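Here is a short report on selected helices, side chains and backbone features. Please keep the sequence and the 3D view open while reading.

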Amino acid sequence: MQRTRRLRRTPALRALAAETAIRKEGLILPVFVRCGQDVREEVPSMPGVFRYSVDRLGEVADAVLSAGIGGVMLFGIPEEKDERGSGAYDAEGIVPRAIRFLKRYLAERGKAFVIIADICLCEYTSHGHCGVLNGGEVDNDASLPLHAMSALAAVRAGADMVAPSSMMDGVVSAIRAALDAEGYHHVPIMGYSAKFASAFYGPFRDAADSAPQTGDRKGYQMDVRNGREALREALIDEGEGADIVMVKPALAYLDVVRAVRERTLLPVAVYNVSGEYAMVKAATERGMIDEERIVEEILTAFFRAGADIVITYHALEWAQKRGNV
Ligand code: PBG
C-alpha cells in the first residue's frame with residue numbers, strides 16, 4: 001500500500017511537506033481614489049473596500065506598511081468625464097495627485113512599497129469605453145497615444161510601475177516607447193495581457209463608475225472560451241517589452257495562469273477581481289462559509305497555479321490576520 005497519509009498526520013509534518021505558501025510581499029491591494037476632501041466611503045457591492053479622497057490616503061499607506069504587502073494599484077474616479085477621457089492624462093488628474101501624495105508620505109517616513117498606476121480610459125470617458133470611439137467602435141490606434149500620455153502622467157508623478165488594462169493592441173509598445181523617450185527606461189510595465197470579457201467585473205464598475213454606457217467590451221477584451229489565445233496575448237505583450245504579464249480574472253482562469261506560467265520566464269500576475277471578492281463577502285454575510293479559511297484557500301490556489309504576484313482586495317485583511325504567523 002502507498003501510505004500518502006504519513007506526511008499528513010500532524011500539523012508539523014504537513015507544514016514541512018507543504019509545496020506552496022502565500023507570499024505576502026507578492027500581494028497587491030487595488031485602491032480607489034476620488035475627488036473631494038476627507039472622504040472614505042464604502043463601495044456598496046464590495047464590503048470592506050473604500051473610495052478615498054487623496055488627503056485620506058495616509059491611512060491606506062499605514063495599513064499597507066503594517067501589513068507588509070508588496071504595494072498598491074491605483075484607480076481614479078474623476079470629477080468630470082469627456083469623450084476622450086482627458087482626466088486620464090491630466091498632470092493634475094486624480095491618479096497623479098494620489099501618486100504624489102503617497103510618494104511624499106512614504107519619503108517622509110523613509111518607507112517604501114510599490115505604487116502601480118492602472119492605465120485605462122474607461123473611468124474617464126463619458127461613454128465608459130476603454131478607448132476613444134469612432135463610428136461607435138473603439139478606435140485602437142487613435143487610443144494608443146492617449147494611453148501613452150496617461151502612463152507618462154503617472155510616471156512623471158512618481159509611479160513605480162504602470163499597468164495598461166484596456167486590451168488595445170500595441171499598448172505595451174506604445175507606452176514603452178513613450179517612457180523610454182523621456183528617459184524612464186527603468187520603469188516596468190505590467191501588461192493586463194490575458195484580460196477576459198468577464199461578468200466578474202460587475203462590482204468594480206460600480207466602484208469606479210466605469211460601466212460602458214452602450215454595448216460591452218467584447219470587441220477588445222478576450223473571449224471567455226479561449227485559452228490558447230490567452231497564451232498568444234501573453235507572448236505578444238512579452239515581445240512588446242512587458243516586464244510582467246497578467247491573467248484576469250483569477251478563479252475561473254487558473255488553467256490559463258498555469259499555461260502562461262509554463263510558456264514565459266517573466267513573472268506572472270493574477271487579478272482576483274471584484275466579483276470574486278464580492279461573492280466571498282456575500283456568502284460570509286449569510287453565514288454560508290468560513291471567510292478566513294476560504295480566503296486562505298483561494299490565495300493559496302493562485303500561488304499553486306503558478307502566479308508570482310496576486311492583485312486582490314483581500315490583501316490587507318489576509319496579511320493583517322495571517323501574514324505574520
Ligand atoms: C479597467 C479595469 C477594470 C478592472 C480593472 N481595470 C474593469 C473593466 O475592464 O471593466 C476590473 C477589476 C475588478 O473587477 O476588480 N479597464
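Is tyrosine 271 buried or exposed? Tyrosine 271 counts as buried, at 1% relative accessibility. Here buried means under 20% relative accessible area, exposed means over 50%, and partly exposed lies in between (1.4 Å probe, protein chains only). Tyrosine 271 is found in strand β11. Its C-alpha is 25 Å from that of phenylalanine 101, and the two residues are 170 apart in sequence.

This is a predicted model: local features need pLDDT of at least 70, side-chain atom pairs count only at pLDDT 80 or more, and totals for chains, interfaces and linings use all residues. Residues are numbered from 1 along each chain as its sequence is written, and side-chain values use heavy atoms, with hydrogens and water left out.

**Helix pairs**

Helices (H or I, at least four residues) and strands (E, at least two) are DSSP runs, numbered from the N terminus. Two packed helices are described by the angle between their axes and the distance between the axes. Axes are lines fitted to C-alpha atoms, for helices over the stretch in contact, and angles run from 0 to 180 degrees between N-to-C directions.

The axes of α2 (residues 57–67) and α3 (residues 94–109) come within 10 Å and cross at roughly 55°. That angle makes α2 oblique to α3. Angles under 35 degrees count as roughly parallel, over 145 as roughly antiparallel, 65 to 115 as roughly perpendicular, and the rest as oblique. The α2 and α3 crossing is right-handed. Right-handed means that the near helix is turned clockwise from the far one by less than a right angle; anticlockwise is left-handed. On the α2 side, Leu57, Gly58, Ala61, Asp62 and Leu65 make the contact. Ala98, Phe101, Leu102, Tyr105 and Leu106 make it from α3. Contact means heavy atoms within 4.5 Å.

The axes of α7 (residues 228–240) and α8 (residues 254–263) also come within 10 Å, crossing at roughly 45°. These two helices are therefore oblique to each other. α7 passes α8 in a right-handed crossing. The α7 residues in contact are Ala230, Leu231, Ala234 and Leu235. From α8 come Val256, Ala259, Val260 and Arg263.

**Buried helix faces**

In α2, Leu57, Gly58, Val60, Ala61, Ala63, Val64 and Ala67 are buried. The buried residues of α2 pack against β1 (27–34), β3, β4 (71–77), α3 and α11. Glycine 68 follows just after α2, with a positive phi of about 75°.

Helix α9 (residues 274–285) has 12 residues. It reaches 16 Å from its first C-alpha to its last, close to the 16 Å expected at 1.5 Å a residue. The expected span is 1.5 Å times one less than the number of residues. Among the buried residues of α9 are Tyr277, Val280 and Lys281. The buried residues of α9 pack against β3 (46–53), α6 (202–208), β11 (268–272), α10 (291–305) and α11 (315–322). Just after α9, glycine 287 has a positive phi of about 70°.

**Two buried polar side chains**

Arginine 51 is found in strand β3. It is buried, with a relative accessible area of 13%. Histidine 127 sits in the loop between β5 (114–119) and β6 (133–134). Histidine 127 is buried too, with a relative accessible area of 7%. The table gives their polar contacts. A polar contact is a pair of N or O atoms within 3.5 Å; within protein, one must be able to donate a hydrogen and the other to accept it, and residues adjacent in sequence count only if both atoms are side-chain atoms.

| Side chain | Partner | Distance |
|---|---|---|
| arginine 51 | glutamate 41, side chain | 2.7 Å |
| arginine 51 | aspartate 206, backbone oxygen | 3.2 Å |
| histidine 127 | glutamate 83, backbone oxygen | 3.0 Å |
| histidine 127 | histidine 129, backbone nitrogen | 3.1 Å |

Leaving out residues up to four places away in sequence, arginine 51 touches residues including Phe32, Ile77 and Ala207. On that basis, histidine 127 touches residues including Leu133, Pro212 and Thr214.

**Backbone features**

Most residues other than glycine have a negative phi, and most peptide bonds are trans. Aspartate 38 has a positive phi, near 55°. It is found in the loop between β1 and β2 (40–43). At 53% relative accessibility, aspartate 38 counts as exposed. Methionine 167 has a positive phi near 60°. It lies in the loop between β8 (161–164) and α5 (171–181). Methionine 167 counts as buried, at 10% relative accessibility. A cis peptide bond joins lysine 248 and proline 249, with omega about -5°.
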